[in-house]
Amino acid sequence: MKEFPHILDVRGEKCPIPIKLLRDCIREVPEHGIIHMLSDDLESKYDIPALLLRLKMPPAEIQSKEYGHLFVRVNQKV
């Protein structure tokens, strides 16, 4: 059975809101669940990797899109 990703759409939100919402999402999504975060805040490109590093989690895959960035990550600790 294919698992669908949890979509966290924070477009239009500015720092620190995307970080707070991602932290909440990480707590709620089961381990090994997939999170797709959509963000148009330019700072997210730097803030999200820093947050995951502080939480000792694997980095997110970052894809540039026409609306901003898509962060794809599997919810797991290293």
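Start by selecting His69, which you'll find in strand β4. This is a predicted model, so keep that in mind as you click around. His69 is buried, with a relative accessible area of 10%. Show its surroundings: leaving aside residues up to four places away in sequence, His69 touches Met37, Leu38, Ser39, Lys45, Ile62, Gln63 and Ser64.

Now widen the selection to the whole of β4, residues 68–74. Six of the seven residues of β4 are buried, so the strand is largely enclosed by the rest of the structure.

Next, colour the strands. You're looking at an open sheet of four, in the order β1-β2-β4-β3, with mixed pairing. Pick out β1 (6–9) and β3 (61–65): these stand at the edges with a single partner strand each, so one side of each has no neighbour in the sheet. Look along the sheet and you'll see the twist, which averages 20° from one strand to the next. As background, strands of a sheet pair through backbone hydrogen bonds, either parallel or antiparallel.

Turn to β2, residues 34–39, and its pairing with β4. The two strands run antiparallel and are joined by six bridges. Two spots to label here: Ile35, whose bridge partner in β4 is Arg73, and Ile34, which stands opposite Val74 of β4.

On to the pairing of β3 with β4. It is antiparallel too, over five bridges. Select Glu61 and you'll find Val72 of β4 opposite. Follow the chain from β3 into β4 and you trace a hairpin, with two residues between the strands.

Time for the helices. Select α1, residues 17–28, which lies across β1, β2 and β4. Its direction runs at about 165° to β2. Then select α2, residues 44–54. This helix packs on the sheet too, touching β2, β3 and β4, and its direction makes about 15° with that of β4.

While α2 is highlighted, zoom in on Ser44, which lies in this helix. Is Ser44 buried or exposed? At 2% relative accessibility, Ser44 counts as buried. Its contacts, again without residues up to four places away in sequence, are Pro18, Met37, Ser39, Pro49 and Phe71. If Met37 and Ser39 look familiar, that's because you've met them before: both also appear among the contacts of His69.

Now the cysteines. How many disulfides does the structure hold? Zero. Draw a distance from the sulfur of Cys15 to the closest cysteine sulfur, in Cys25, and you get 17 Å, too far for a bond. Cys25 is in no disulfide either, with Cys15 providing its nearest cysteine sulfur. Switch on the accessible surface and compare the two: Cys15 is partly exposed, with a relative accessible area of 43%, whereas Cys25 is buried, at 4%.

Last stop, the rings. Searching the whole structure for aromatic pairs turns up zero. There is a ring worth a look all the same: select Tyr67 and Arg11 together. Arg11 lies over the face of Tyr67, at 4.9 Å from the ring centre.

Methods. Residues are numbered from 1 along each chain as its sequence is written. This is a predicted model: local features need pLDDT of at least 70, side-chain atom pairs count only at pLDDT 80 or more; totals for chains, interfaces and linings use all residues. Side-chain values use heavy atoms; hydrogens and water are left out. Two strands pair if DSSP finds at least two bridges between them. Axes are lines fitted to C-alpha atoms, for helices over the stretch in contact, and angles run from 0 to 180 degrees between N-to-C directions. Contact means heavy atoms within 4.5 Å. A disulfide is a pair of cysteine sulfur atoms within 2.5 Å. Buried means under 20% relative accessible area, exposed over 50%, partly exposed in between (1.4 Å probe, protein chains only). Rings of Phe, Tyr and Trp (its six-membered ring) pair if their centres lie within 6.5 Å; planes under 30 degrees apart count as stacked, over 60 as edge-to-face and the rest as tilted. A charge sits over a ring if NZ of Lys or CZ of Arg is within 6 Å of the ring centre and within 35 degrees of the ring normal.
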